Amino acid sequence: MPVEITWWGHATCTVADSDVRVLTDPLFARRLAHLRRRRGALPPPGAWRADVALVSHLHADHLHVPSLARLAPGTRLLVPRGAPRAVPSLRRLGHLRISEVGPGDETAVGGLRVRAVPAAHDGRRLPVGPHRAPALGYVVEGEARTYFAGDTGLFDTMAKDVGPVDVALLPVGGWGPYLGEGHLDAGRAAEALARLGAGSAVPVHYGTYWPIGMDAVRPHEFHAPGEEFVRLAAERVPGTAVHRLGHGESVRLEVAR
C-alpha cells in the first residue's frame with residue numbers, strides 16, 4: 001500500500017499510511033496575528049479529518065488552538081511535553097485525546113508507530129513566556145517511514161536521532177522576509193536531506209503566510225524556496241525524488257524496503 005502525502009500549506013500535511021490519517025501542525029486560519037494567508041485556499045473540512053494530529057512546537061503558527069478545536073471528538077493529539085501548562089487553552093479541548101511526548105517517546109496509532117524526535121528550534125510560546133516545551137519532529141512508521149521535521153535547524157545528531165527514513169517533509173522557508181536561528185532554508189534543507197538519505201522529499205513551510213503590508217519586501221523569500229529546494233536537492237542528492245506540491249495537492253509514493 002503506498003503512502004499518500006497532501007500539503008495543505010505552511011507546515012500542515014496529511015500523511016495517509018496503513019489506513020491511518022496523520023495531520024501535522026494543523027493551521028486552518030486565513031489570518032494569524034500579523035500574518036495573512038497569501039496563497040492557496042483554506043483547507044476544506046475534509047482536511048480536518050485525522051486519526052492523530054501532531055504538534056511540533058508551541059509557536060502559534062504550529063500550535064493553533066482554534067484549528068485544533070475543529071478536529072473530531074476522539075482524535076488523538078500529540079503535543080510536546082509541557083504544552084498544556086505553557087498554553088492553558090489546550091486544556092479546553094476536552095474532546096481530544098491529548099498525550100504529551102518528548103524525544104524518543106513512541107505512540108501506537110492503528111498500524112502506525114509515531115516516534116517523537118529532537119528538533120533544533122526555540123520551544124517557547126512567543127512572543128514571550130516563562131514556560132518552554134521541547135520542539136519536536138516526528139517519524140511516522142507504517143508502510144513507509146515518514147519524517148515530519150516541524151521547524152528545525154541542522155544539528156549534528158540529526159541522522160542518528162531521526163534514523164533512516166523513506167520520505168522527508170522538510171521546511172524550506174518561513175513566513176517572513178528573514179529566517180532566524182533554528183530554521184532551514186532551501187540550501188540547509190538540501191543538506192538535511194543528504195544527511196537523512198530519504199528516497200523522497202516534499203518541501204513545506206513556505207509560500208503560504210506573509211506579514212500584512214510586506215508583500216514587496218524580499219518577495220523571493222515567499223515565492224522561491226520550493227523551486228530552490230528542488231534545484232539544490234538535485235545537485236546535492238540526485239537520487240532523491242523531490243515532489244513540489246501545490247496547496248491541496250497530493251502525491252502517492254510506493255516505498256520499497
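Me: What radius of gyration would a compact globule with 257 residues have, and what does the protein have?

Reply: The radius of gyration is taken over C-alpha atoms, and the globule rule is 2.2 Å times the number of residues to the power 0.38. For 257 residues this gives a value near 18 Å; the protein has 17 Å, which agrees. This is a predicted model, where local features need pLDDT of at least 70, side-chain atom pairs count only at pLDDT 80 or more, and totals for chains, interfaces and linings use all residues. Residues are numbered from 1 along each chain as its sequence is written, and side-chain values use heavy atoms, without hydrogens and water.

Me: How many aromatic pairs does the structure hold?

Reply: Rings of Phe, Tyr and Trp (its six-membered ring) pair if their centres lie within 6.5 Å; planes under 30 degrees apart are stacked, over 60 edge-to-face, and the rest tilted. The structure holds 3 such pairs. One of them is W7 with Y206, stacked at 5.3 Å centre to centre with 10° between the planes.

Me: Are W7 and Y206 buried or exposed?

Reply: Buried means under 20% relative accessible area, exposed over 50%, and partly exposed in between (1.4 Å probe, protein chains only). Both W7 and Y206 are buried.

Me: Why is the pair of F28 and W48 called tilted?

Reply: The ring centres of F28 and W48 are 6.1 Å apart and the planes stand at 35°, so the pair is tilted. F28 is buried, at 2% relative accessible area, whereas W48 is partly exposed, at 24%.
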